[in-house]
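Please keep the sequence and the model side by side while reading the paragraphs that follow. They begin with a single residue and then widen to the chain, the aromatic pairs and the largest pocket.

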Amino acid sequence: MPLAMIKKKFLHLSQTYGNAIQRWPEDVQESAHAFLQKHPDLAAKILDAEKDIDTALASAPRQEVRPALEAQILRSFPTKTQTPVAQNHRSRRWSFATLLWPQNAGLPAWGMALVLMLVFGFVGGYTGYAYTLDRTSATEVLSTAFGSDDYFLFGEETST
Amino acid sequence: MRKYTGQDRHRGGNDPDTVLVLRIANGEQAAASELVSRHLSKMVALARHMLGDAAEAEDVAQEVFMKVWQTAHKWQPGKAKFETWMHRVAINACYDRLRRRREIYTDQLPDHPDEDSPGADQIIIEAQLSQQVEDAMMHLPARQRAALSLCHLREMKNKDAARALEISVEALESLLARGRRGLRKHLAEHVTAMLER
């Protein structure tokens, strides 16, 4: 590679990463050291030009961590029963609550909506059809649908 | 409760935090304590350089760890280093605060040490220089400040820093170079004036 190009790259790296070659990307460090050995005066001049900014950055304020802060952060750590994983395990158990709202059992909201639509569609379809028939036929329809003989049909109890 | 295994260690690759995060997801306080002692000072330092305010830096550090507690169970080892993700969370929290801030510049110097003590002049000059550097940093655009903070002050590798900032390495290098130029310009104007006083 011509010297001008190597110099340009060396200059770019020093103006980007500073005057300490060990802070440059690992894959360029070897060639940078080779350039430094081959052209020590030129390389040193380029690196020195960045020294002031590196010195300035090194003098940027450092903030000590207060032990109280560490304790405060650790106090915010949830106890085992509060951790998200523990909650997930607890909620995956089937219970009365999960029957009311299966999302707790891993079924998403849209799944719950689909199940409800199917149930209401099924019930509504059969019931609506039954209301269009006479009493005997309606009772037969409902009996077929729900497998029981006793219904409150048209406001009065009936049986087949 | 899921137990972390040797497989998890393997999946974490070179990320030393993977096992800790899995233990945190399982509610282990000791793992949380270890993660805090490993990364708290880095988060505070980064936020301090980004915000130039000690109290706000502590708040940001707290926010980062709260986020860790909340999302540890979702962490998928192998995608990115956990530390890089933490830096990203901290940087985003700092950006949010900077957006909300009306005034980002302060002329206040840190509390002076006892001016009668030996070497007090030197200490004052150092403190003033340090404050000038922080002020100069605060004059840089937030993204340049974040890049400088990660690469120069946190000594993060360029690829990790680029990931933390969600940009390419080339874009990171551009931010670094512009940040250094901006810093030099500001310091040349203010530090020289201060030393001449």
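In this predicted model, B:A72 has a relative accessible area of 2%, and because this value is under 20% the residue counts as buried. In chain B, the residue sits in the loop between α4 (54-71) and α5 (82-100). Leaving aside residues up to four places away in sequence, B:A72 touches B:V21, B:I24 and B:A25. A further reference point is B:N26, which is 46 residues from B:A72 in sequence, while the two C-alpha atoms are 8.8 Å apart in space.

The chain around this loop has nine helices and zero strands, so that its pattern, read along the sequence, is α-α-α-α-α-α-α-α-α. Chain B has 197 residues, of which 51% count as buried, and its accessible surface comes to about 9,900 Å², with 48% of that area belonging to carbon and sulfur atoms. Where contacts in chain B link residues at least 6 apart in sequence, 63% of them join residues at least 24 apart.

Aromatic side chains offer another way into the model, since a pair of aromatic rings is described by the distance of the centres and the angle of the planes. Over all chains, a search of the whole structure finds seven aromatic pairs. One of them is formed by A:F10 and A:F35, a tilted pair with 4.6 Å from centre to centre and 45° between the planes. Because A:F10 lies in helix α1 of chain A and A:F35 in helix α2 of chain A, this pair ties together parts that are 25 residues apart in sequence. Both A:F10 and A:F35 are buried, and together with A:W24 they form one aromatic cluster.

In chain B, the rings of B:F65 and B:W69 have their centres 5.9 Å apart and their planes at 45°, so this pair too is tilted. Here both residues belong to helix α4 of chain B, where they are four residues apart, or about one turn of the helix, and both B:F65 and B:W69 are buried.

A:W24 appears again at the largest pocket, where it is one of the residues nearest the centre, along with A:P25, A:E26, B:K157 and B:N158. This pocket has a volume of about 560 Å³ and is lined by 23 residues, which divide into eight nonpolar, five polar and 10 charged. At least two lining residues each come from α1 (3-17) and α2 (26-38) of chain A, and likewise from α7 (142-153), α8 (158-165) and α9 (169-196) of chain B.

Key
Residues are numbered from 1 along each chain as its sequence is written. Chains are lettered from A and ligands numbered from 1 in the order in which they are written. This is a predicted model: local features need pLDDT of at least 70, side-chain atom pairs count only at pLDDT 80 or more; totals for chains, interfaces and linings use all residues. Side-chain values use heavy atoms; hydrogens and water are left out. Buried means under 20% relative accessible area, exposed over 50%, partly exposed in between (1.4 Å probe, protein chains only). Contact means heavy atoms within 4.5 Å. On a 1 Å grid over the protein atoms alone, a cavity is a set of points where a 1.4 Å probe fits but cannot get out, and a pocket is an open set with protein on both sides within 12 Å along at least five of seven lines; lining residues have an atom within 4 Å of a point. Grid points are joined across faces, edges and corners, and a volume is the space filled by probe spheres set on the points. Ala, Val, Leu, Ile, Met, Phe, Trp, Tyr, Cys and Pro count as nonpolar, Asp, Glu, Lys and Arg as charged, and the others, Gly among them, as polar. Accessible areas come from the Shrake-Rupley method with a 1.4 Å probe; for residues, only the protein chains shown count as cover. Rings of Phe, Tyr and Trp (its six-membered ring) pair if their centres lie within 6.5 Å; planes under 30 degrees apart count as stacked, over 60 as edge-to-face and the rest as tilted.
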